[in-house]
Amino acid sequence: MSVPPPAGGGAIINEVLTDDELRAVLRRLGPEAERDAFGLVCRRWLRIQSSERRRLRARAGPDMLRRLAARFPGVLDLDLSQSPSRSFYPGVIDDDLNFIASSFRNLRVLALQNCKGISDVGVAKLGDGLPSLQSLDVSRCIKLSDKGLKAVALGCKKLSQLQIMGCKLVTDNLLTALSKSCLQLVELGAAGCNSITDAGISALADGCHHIKSLDISKCNKVSDPGVCKIAEVSSSCLVSIKLLDCSKVGDKSIYSLAKFCSNLETLVIGGCRNISDGSIQALALACSSSLRSLRMDWCLKITDTSLQSLLSNCKLLVAIDVGCCDQITDNAFMDGEGYGFQSELRVLKISSCVRLTVAGVGRVIESFKALEYLDVRSCPQVTRDSCEQAGVQFPAGCKVNFDGSLLESDPSAEMFF
């Protein structure tokens, strides 16, 4: 039976469509702006839009959290992170976490970066109240220790991603708890947790067999035994491992990654000064069809041999950092076999490679037409003037960094590492 149109002409849409039909319309909208505009039509449409909202980002105190819970009952992804620049403000506190655990029971993703006001007491509530949680980011929540995060591991058995960067009170005990309870864990970011040792990494590998991404940068107690264990167990699952400034990591780790991790895409070994050409050559051959970005600045034993092997074999390689590797010369960019380099480099960082000259930079430009960023800071023989005098023509879309502090990072390059 059809609904008769009103006297004015067309039917009023709110009298014709049910809530379920309006939800179907909302789900077909693409851009976020269109979905936001949907809620501006009237209160009914706003209520429907709110009920369908799955992701929410806010800076909220207790009163606002209660309003959000009432208005957005279907939220699965909640981001309450604080900006690092607001270090004076604690952000979310323990009482807020208690409310979140009791009011957002279906939450799957929770981000609390830089919330310096939370402690083990509050985080433990998340383990009690959020059994469906799959991803938790508590990076730089400096009060947290094993105690609270172990409660999360015990209660959130579906956890697949955990970010605890800068939580310096965390020890091997947490990794042991994760290995026993969170068997679905595939991503762990623990940079700066410098109490973690080989024993903890080995314990993690005993239970979590499918790690895809591991960041233990600046965990300077980790060495070859821990890295070799995670490489062997995770094997082809491992696509990214970051070991920045893990000074005890050496060639054994790289040989193990080459042997077991054929799908490795991202490797960060900057500051690992015991790594030498032999292991890098083995990696270049073993991961020739997968490796995309490699950071090995301050690996002082690396020579032209490593760079040539990588550029000749790794056809997917788009970013490489060999800054401060002072044995690198112009010969690194000479294709000795005459077959042409295989990689399509977009980012090349060769800062403080003091033996490089303008001739080497010229070969870089000739070989890598897709180059978008070239860092030649603190290369005494490569300056803006010397390149202009030599007639070096950089690609129009390539940013060349000649000067500036080496402590400064460039977003256009850092995204690759």
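**Exercise 1. Charges and overall build**

How many positive and negative side chains does the protein have, and how far apart do the centres of the two sets lie? Then describe the protein as a whole.

Solution.
- Step 1. Note the kind of model: this one is predicted.
- Step 2. Count the charges. There are 49 positive and 46 negative side chains. The centres of the two sets are 7 Å apart.
- Step 3. List the secondary structure. The protein has 17 helices and 14 strands.
- Step 4. Take the dimensions. The C-alpha trace spans about 80 × 55 × 45 Å along its principal axes.
- Step 5. Look at burial. The protein has 417 residues, and 51% of them count as buried.
- Step 6. Turn to the surface. About 19,200 Å² is exposed, with 51% supplied by carbon and sulfur atoms.
- Step 7. Check how the chain meets itself. Take the contacts between residues at least 6 apart in sequence: 78% of these join residues at least 24 apart.

**Exercise 2. Salt bridges**

Find how many salt bridges the whole structure holds, then place three of them in the chain.

Solution.
- Step 1. Recall the principle. Side chains of opposite charge can pair when their charged atoms come close.
- Step 2. Apply the cut-off. A side-chain nitrogen of Lys or Arg must be within 4 Å of a carboxyl oxygen of Asp or Glu. The search of the whole structure gives nine salt bridges.
- Step 3. Take R295 and D321. Their closest N and O atoms are 4.0 Å apart. R295 is in strand β10 (residues 293-295) and D321 is in strand β11 (residues 319-321), so this pair ties together parts 26 residues apart in sequence. D321 is buried, at 5% relative accessibility. A network of salt bridges links R295, D297 and D321.
- Step 4. Take E372 and R346. Their salt bridge is 3.1 Å, N to O. E372 lies in the loop between α15 (358-367) and β13, and R346 in the loop between β11 and β12 (347-349), so the bridge ties together parts that are 26 residues apart in sequence. E372 is partly exposed, with a relative accessible area of 36%. R346 is partly exposed at 29%.
- Step 5. Take R384 and D403. The closest N and O atoms of this salt bridge are 3.8 Å apart. R384 sits in helix α16, while D403 is in the loop between β14 (399-401) and α17 (411-414), 19 residues away. R384 has a relative accessible area of 41%, so R384 counts as partly exposed.

**Exercise 3. Around D375**

Is D375 buried or exposed? Build up the surroundings of this residue.

Solution.
- Step 1. Place D375. This residue is part of strand β13.
- Step 2. Read the accessibility. The value is 0%, so D375 counts as buried. The cut-off for buried is under 20%.
- Step 3. List the contacts, not counting residues up to four places away in sequence. D375 touches L348, K349, I350, S351 and N401.
- Step 4. Add R377. This arginine is in the loop between β13 (373-375) and α16 (384-389). R377 is buried as well, at 6% relative accessibility. The side chains of R377 and D375 share a polar contact of 2.8 Å.
- Step 5. Add D410. This residue is in the loop between β14 and α17. D410 is buried, at 10% relative accessibility. D410 and D375 are 35 residues apart along the chain, and their C-alpha atoms are separated by 9.5 Å. Residues up to four places away aside, D410 touches Y373 and K399.

**Exercise 4. A helix and a loop**

Which residues of helix α6 are buried? What do they pack against? Then examine R53.

Solution.
- Step 1. Go through α6 (residues 94-103). Its buried residues are D94, D96, L97, F99, I100 and A101.
- Step 2. Find their partners. The buried residues of α6 pack against α5 (62-71), β2 (77-79) and α7 (120-129).
- Step 3. Place R53. This residue lies in the loop between α4 (43-52) and β1 (55-57).
- Step 4. Read its accessibility. R53 stands at 29%, so R53 counts as partly exposed.
- Step 5. Find its contacts. Leaving aside neighbours within four places in sequence, R53 meets F72, G74 and V75.
- Step 6. Compare sequence with space. R53 and G74 are 21 residues apart in sequence, and 6.2 Å apart from C-alpha to C-alpha.

Methods. Residues are numbered from 1 along each chain as its sequence is written. This is a predicted model: local features need pLDDT of at least 70, side-chain atom pairs count only at pLDDT 80 or more; totals for chains, interfaces and linings use all residues. Side-chain values use heavy atoms; hydrogens and water are left out. Helices (H or I, at least four residues) and strands (E, at least two) are DSSP runs, numbered from the N terminus. Buried means under 20% relative accessible area, exposed over 50%, partly exposed in between (1.4 Å probe, protein chains only). A polar contact is a pair of N or O atoms within 3.5 Å; within protein, one must be able to donate a hydrogen and the other to accept it, and residues adjacent in sequence count only if both atoms are side-chain atoms. Contact means heavy atoms within 4.5 Å. Accessible areas come from the Shrake-Rupley method with a 1.4 Å probe; for residues, only the protein chains shown count as cover. Lys and Arg count as positive and Asp and Glu as negative; His and the chain ends are not counted. The place of a charge is taken as NZ of Lys, CZ of Arg, CG of Asp or CD of Glu.
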